[in-house]
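Welcome aboard! Open your viewer, switch to a cartoon view, and get ready to select a few places one after another.

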Amino acid sequence: MEGYDPSEVPLMHELSICNAIASTAAKHADGRSVTQVTVQIGHLRQVVPDALQFSWEVVSDATVLKDAALVIEQVPAVVECAFCGVRTTLDLPILACGHCEGFEVKLVSGEELVVVSIDLVDA
C-alpha cells in the first residue's frame, strides 16, 4: 500500500486517546486554565507513553490545556486465578495464572483508561 508507514500507526492510536483526554479535561475545566491532567492507563491498552506525551503536546497546543502537563500512571495487568486464588502480574498479554498456569482467571486490573484528576489554576 503506497504511502502507508507502519511506524505511524501507534502514534495514531495515542493521538486518538489524547483527543479524548483533552476533550474530557477541557469540558471539566470550563474555560479555566489547566496545569496538569493525570491519567491511569492499563498495561493491556498497549499505549506507548512517549507517543502519548508527544500527542499531548500536539493536541493541547492551542487550547486551555496548552501548558498543562500530562501525567501518566501505568497500571499493571493483574489476574486472579479462580482455581488457586493467586494474583499474578502479567508481563505478556496472556491471561493465565503465574502460579498454577490455569486459564480460569479474572482480570483485576490492566484495562484502565481513566482521567484521574485535572488540576486547575485558581482564579
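This tour goes from a sheet to a helix, then to a loop and some cysteines.

Before you click, note that this is a predicted model, in which local features need pLDDT of at least 70 and side-chain atom pairs count only at pLDDT 80 or more, while totals for chains, interfaces and linings use all residues. Residues are numbered from 1 along each chain as its sequence is written, and side-chain values use heavy atoms, with hydrogens and water left out.

**Stop 1: the sheet.** Select residues 34-42, which form strand S1. Strands here are DSSP runs of E with at least two residues, and helices are runs of H or I with at least four, numbered from the N terminus. In which order do the strands of the open sheet lie? The order is S2-S1-S6, 3 strands with mixed pairing; two strands pair if DSSP finds at least two bridges between them. Now add S2 (69-75) and S6 (113-120): these strands stand at the edges with a single partner strand each, so one side of each has no neighbour in the sheet. From one strand to the next, the twist averages 15 degrees; axes are lines fitted to C-alpha atoms, for helices over the stretch in contact, and angles run from 0 to 180 degrees between N-to-C directions.

Look closer at S1 and S2, which run parallel and are joined by 7 bridges. To find one of these places, select Val37 and its bridge partner in S2, Leu70.

**Stop 2: the helix on the sheet.** Helix H2 packs on the sheet and touches S1 and S2, its direction making about 155 degrees with that of S2. Select residues 49-60 to show H2, then pick out Ser55 within it. Is Ser55 buried or exposed? Ser55 is buried, at a relative accessible area of 0%; buried means under 20%, exposed over 50%, and partly exposed in between (1.4 Å probe, protein chains only). Beyond its neighbours within four places in sequence, Ser55 is in contact (heavy atoms within 4.5 Å) with Leu11, Glu14, Leu15 and Cys18.

**Stop 3: the loop.** Val48 sits in the loop between S1 and H2, and is partly exposed at 39%. Draw a line between the C-alpha atoms of Val48 and Cys18: they are 12 Å apart, with these positions 30 residues apart along the chain.

**Stop 4: the cysteines.** A disulfide is a pair of cysteine sulfur atoms within 2.5 Å, and the count here is 0. Select Cys84: its closest cysteine sulfur, in Cys97, is 3.6 Å away, too far for a bond. Cys84 is partly exposed, at 29%. Finish at Cys100, whose closest cysteine sulfur is in Cys81, also 3.6 Å away and too far for a bond.
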